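Here are some worked exercises to try with a structure open beside you. Have a go at each task before reading its solution.

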Amino acid sequence: MSQQPPMNGDNNSYQPPSGWEQPNSRYGVGAGNPISPRYEGQYDANQTAPVYHSPVGYASRSSVVAGALGIFLGTFGIHNFYLGRHALGILQLLITLLSFGLLAWVSTLWGLVEGILYLVSNSPRWSYDGNGVPLRQ
């Protein structure tokens, strides 16, 4: 049996249960988690991008290593496992293994393109690992 959220009488707006507090972060749930990036300082609308740092004990990944793994072992999705993008790594591995190598060219081309993008692109998609931590150059 689901419980109805408490409503404020006049405008039927949602009111959180008593004792519940909004997380003290602009990122909400997960901020402060040891594997999620942490934002340093206050958010400023004029700031181009928030400044992140690696969580304590987390070694940042290298874009050069990710690119080389993508180019040479992209068929098996090793570069995605290295970057913490496990779902993509498993997908590339399954494409190669379940097709008995007949579709390995798909994963190879995919890995080659991603490897080159990790080496040369400045786009945020290719500059951060699976946990949102910036890649080292």
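The exercises below concern this predicted model, moving from the overall layout to single residues.

**Exercise 1. Find how many helices and strands the chain has, and in which order they come.**

Solution. Start with the count: the secondary structure comprises four helices and two strands. Next, walk along the sequence, where the elements follow the pattern β-β-α-α-α-α. Then look at the contacts: of those with a separation of 6 or more, 42% are between residues 24 or more positions apart. Finish with burial and surface. Of the 137 residues, 26% are buried, and the accessible surface comes to about 9,400 Å², with 61% of it belonging to carbon and sulfur atoms.

**Exercise 2. Work out how the buried residues of helix H1 are arranged around its axis, and what covers them.**

Solution. First, list the buried residues of H1, which spans residues 63–73: Ser 63, Ala 66, Gly 67, Leu 69 and Gly 70. Second, look down the helix axis: these residues fall within an arc of 165°, so they line one face of H1. A general rule is handy here: an α-helix has 3.6 residues a turn, so residues three or four places apart point the same way. Third, ask what lies over that face; the cover includes helix H2 (78–82) and H4.

Now zoom in on Ala 66. Leaving aside residues up to four places away in sequence, Ala 66 touches His 79, Tyr 82, Leu 83 and Tyr 118. Ala 66 also belongs to the largest nonpolar core, a set of five residues completed by Leu 83, Tyr 118, Trp 126 and Leu 135.

**Exercise 3. Locate the nonpolar surface patch and decide which helix gives the most to it.**

Solution. Begin with the members: Val 64, Leu 102, Leu 103, Trp 105, Leu 109, Leu 112, Val 113, Ile 116, Leu 119 and Val 120 make a patch of about 950 Å². Then assign them to elements: helix H4, residues 104–120, gives the most, with seven residues.

Two of the patch members are worth checking one by one. Trp 105 is found in H4, and its relative accessible area of 55% makes Trp 105 exposed, because exposed means over 50%. Val 120 is also in H4 and is exposed at 59%. As a last step, find a spatial neighbour for the tryptophan: Trp 105 and Thr 75 are 30 residues apart in sequence, yet their C-alpha atoms lie 7.5 Å apart.

Keep a general tendency in mind for contrast: in soluble globular proteins, nonpolar side chains tend to be buried together.

**Exercise 4. Which side chains meet in the salt bridge, and is each of them buried or partly exposed?**

Solution. The structure holds one salt bridge. Its partners are Arg 125 and Glu 114, with an N to O distance of 3.8 Å. Place them along the chain: Glu 114 sits in helix H4 and Arg 125 in the segment after H4, 11 residues apart. Then compare their exposure with the cut-off: Glu 114, at 5% relative accessibility, counts as buried because that is under 20%. Arg 125, at 32%, is partly exposed.

**Exercise 5. Place Gly 84 in the chain and say how exposed it is.**

Solution. Gly 84 lies in the loop between H2 and helix H3 (86–98). With a relative accessible area of 28%, Gly 84 is partly exposed. Finally, take its distance to Arg 61: the two are 23 residues apart in sequence and 9.6 Å apart in space, C-alpha to C-alpha.

Conventions
Residues numbered from 1 in each chain as written. Predicted model: local features only at pLDDT ≥ 70, side-chain atom pairs only at ≥ 80, totals over all residues. Heavy atoms only, no water. Patch = residues over 30% accessible without salt bridge, like charges linked within 9 Å, V, L, I, M, F, W, Y side chains within 5 Å. Areas by Shrake-Rupley, 256 points an atom, 1.4 Å probe, with all protein chains shown as cover. Salt bridge = Lys/Arg side-chain N within 4 Å of Asp/Glu carboxyl O. Buried < 20%, exposed > 50% of the residue type's maximum accessible area, 1.4 Å probe, protein only. Core = buried A, V, L, I, M, F, W, Y, C linked by side-chain atoms within 4.5 Å. Contact = heavy atoms within 4.5 Å. Arc of directions from axis to C-beta.
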